Structure formats: structure tokens, C-alpha cells
Amino acid sequence: MLRHVIAPTRFFSQIPNEIIRHPRLSAEAVRLLIWQLSQPNSADVPLSRTADQAGIKKTAFMRAKRELMAEGYFHEWRRQGPDGRWSRPQLVSNVPLTADEAVAVRAGGIRPVPEPPTAPEPAVGEPSRRAVGRSQDNRGENNTSHPPHPLAERGAQALVAVCHTERRLRLSGPDIKRLAPLVGEWLLRGATLRDLRDALTDGLPERVHSPAGITRDRLLRKMPDPALPAAEPAPRPQPLRACAGGCGRMMRPVADESECRDCRQGAAESSYDGAVAATRRGMGAVRAAMRNCVP
């Protein structure tokens, strides 16, 4: 096979051979990724519009999008702005990225993605409709009135990060969406990303026939116990005070006592001795009276 290649001097993109020869990416996924990477840095073109430009139909686009997401070449987030509207920032890369790496790239400013507001809180309620016009072709990227719970979104990102490092647990987009609430429950109970990775990957068989099935089974079977409520703080100790028993010592009362232990013990012994002496005196008087009464 003869090849004649001339290096272009302009209008070219750097595409790794790993993408072109990827064993798990379909032709539509490769074409969609290459087309998106060929866009200039200043172009803010969503993946759905790129699919239209590349001549990829809706069904093939959805399948290609799931493949790129599963392999780490495409990442997408849901975010709510100060006005209550939901948007979907997207990121494509020419190398696979984990969920944490994608967040780091997004925060580094490679693409102008607005950060979530910190001072004003997002508007409460459903996102409002656009003032003018809306797309007629719904490819799953438009605003939605039922945004996912933030914990489920964190669960999806954690699940993608784990599956990216373990090829036997490659999950499709719908599988990740179904399992994300379970992972969110793990995070709610205090589990870390390492805990999740160990639970899902330890002791995996050499060949996994149903990645979604074994993942769901392990998420349910190894679910950590709910976090215990925080223990109530111990009561503060009483301040030091002078003993009222006359010994001159300083004492720290446990409840409402005003005398130290030695003074209380001495008072109790004195009271006991007094009671014994009084009892003896009474018994002597009784015996004397009985003797006087004998004829």
C-alpha cells in the first residue's frame, strides 16, 4: 500500500491515531468528535449542531454521544444560573478525561464556562421558558423543567470516573443515569470515591457479561450504613468554689453540693455518732424506768 501525504499548512486539526482507530467508537462517534475538535476555539457550537453539520441523524447522534461520554471524550454538566434557567456546558477533548479531570479542565478556563453563582442563590422553582423562540428538534440538550437532583449528578460523575478506570464496567449513558441515584446515596452516607471504586472493582471476574447488572448488585449489596448522628457535646464542668464546710479547700461541684467530700463525710459521721449516742441514752432511760417499776 503506497501513501502520499502532504502536511497541511493551514486549516488542520491534530487528531490522535487513538481516536481514528478506537475499537469501541462507531464511525459516527469518530466523525462527530473529529468534526467538533476541528471547530475554532472561539466557536461555541453545541454537539447537536455539530451533528447537523456533519450530516449525522438524530438516532445515530444519540448513540455516538453516549459512546463519547462512556470513553471520556465528552463531558456535560447541568447548571442553573441566577435567573433560574438551566444550561448544559459541554467539553470535548482529544484524550480521554475522567470526571475529576474534566472538572479541572473546565475550571482552568479552556472553554468559557460560567461558574455557579456564590453570592446570589439560584431562583426557586422551575426554569422559565426562553423569551423568543425554541428549537423544534429536541435532542435531549434543551432546558428541562425537571432537572436532576444535585446529589444524583454527583453520583453520575463519580460512576463515570470509576467506570473509566475499569474497562470491564463500561456503562452506557442510560445505565449511568439509572444507577446515579444509588451512587448519590453512597455519597450521602459519607462514602468517598475510593470507597466506591473498591466496592465496584474488587474481585471482578475476568469477563463481565452485564456491567450494569453487576454494578447495581454491588451498589445495593455493599451500601454503607447511614452515618450516625453526631454525639452531644459533654456538659461544661462547674467552676471552682470554696467549700462551705469550713475546711478552706477549693472544690469543683458535680451538681449543687456546697461542701467537699471530706466535709460531707465528716458531717455524716458526726450525725451518725449523735444518733447512736441519743439512742443509747434513750435505751438507758427505758431500762432505768423499768427497774424502778419492779415491786
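Contact here means heavy atoms within 4.5 Å. Keep that in mind for the exercises below, and remember that the model is predicted.

**Exercise 1. Find where L204 sits and what it touches.**

Step 1: locate the residue. L204 is in the loop between α8 and α9 (211-221).

Step 2: is L204 buried or exposed? Its relative accessibility is 10%, and buried means under 20%, so L204 counts as buried.

Step 3: list the partners. Skip the neighbours within four places in sequence, and L204 is in contact with E166, R168, L169, I214 and R218.

Step 4: take one of those partners and check the spacing. I214 is ten residues from L204 in sequence, and their C-alpha atoms are 9.1 Å apart in space.

**Exercise 2. Work out which way helix α4 faces.**

Step 1: check the geometry. α4 covers residues 58-71, 14 residues in total. From first C-alpha to last, α4 reaches 20 Å, close to the 20 Å expected at 1.5 Å a residue.

Step 2: pick out the buried residues. For α4 they are A60, F61, A64, K65, E67, L68 and E71.

Step 3: why do they end up on the same side of α4? Because they cover an arc of only 165 degrees around the axis. The background is simple: an α-helix has 3.6 residues a turn, so residues three or four places apart point the same way.

Step 4: see what lies on top. The cover over the buried residues of α4 includes α2 (27-37), α3 (47-53), β1 (74-76) and α6 (150-165).

Step 5: look just past the end. G72 follows α4, and its phi is positive, near 90 degrees.

**Exercise 3. Repeat the analysis for α2, then step over to T50.**

Step 1: collect the buried residues. In α2 these are A29, V30, L32, L33 and Q36. Their arc around the axis is only 165 degrees, which puts them on the same side of α2.

Step 2: name the packing partners. The buried residues of α2 pack against α1 (17-20), α3, α4 and β4 (90-92).

Step 3: move to α3, where T50 lies. T50 has a relative accessible area of 0%, so it is buried.

Step 4: read off the contacts of T50. Leaving aside neighbours within four places in sequence, they are L32, W35, Q36, Q39 and V45.

**Exercise 4. Map the nonpolar cores.**

Step 1: start with the largest one. It has 22 residues, of which L159, W186, L196, L200 and L219 touch the most other members. The elements giving two or more residues to this core are α6, α7 (173-188) and α8 (193-201).

Step 2: zoom in on L200. Setting aside neighbours within four places in sequence, L200 is in contact with L159, V162, L169, T215, R218 and L219.

Step 3: look for another core. A second, separate one has 17 residues, including L32, L47, A51 and Y73.

**Exercise 5. Zoom out, then check the rings.**

Step 1: count the elements. The protein has ten helices and six strands.

Step 2: how much is buried? Of the 295 residues, 32% count as buried.

Step 3: sort the contacts by sequence separation. Among those between residues at least 6 apart, 56% join residues at least 24 apart.

Step 4: how many aromatic pairs does the structure hold? Zero.

Step 5: look for a charge over a ring. The charged end of R106 sits over the ring of W77, 4.5 Å from its centre.

Technical notes. Residues are numbered from 1 along each chain as its sequence is written. This is a predicted model: local features need pLDDT of at least 70, side-chain atom pairs count only at pLDDT 80 or more; totals for chains, interfaces and linings use all residues. Side-chain values use heavy atoms; hydrogens and water are left out. Helices (H or I, at least four residues) and strands (E, at least two) are DSSP runs, numbered from the N terminus. The expected span of a helix is 1.5 Å times one less than its number of residues. Buried means under 20% relative accessible area, exposed over 50%, partly exposed in between (1.4 Å probe, protein chains only). The arc is that of the directions from the helix axis to the C-beta atoms. A nonpolar core is a set of buried Ala, Val, Leu, Ile, Met, Phe, Trp, Tyr and Cys residues joined through side-chain atoms within 4.5 Å. Rings of Phe, Tyr and Trp (its six-membered ring) pair if their centres lie within 6.5 Å; planes under 30 degrees apart count as stacked, over 60 as edge-to-face and the rest as tilted. A charge sits over a ring if NZ of Lys or CZ of Arg is within 6 Å of the ring centre and within 35 degrees of the ring normal.
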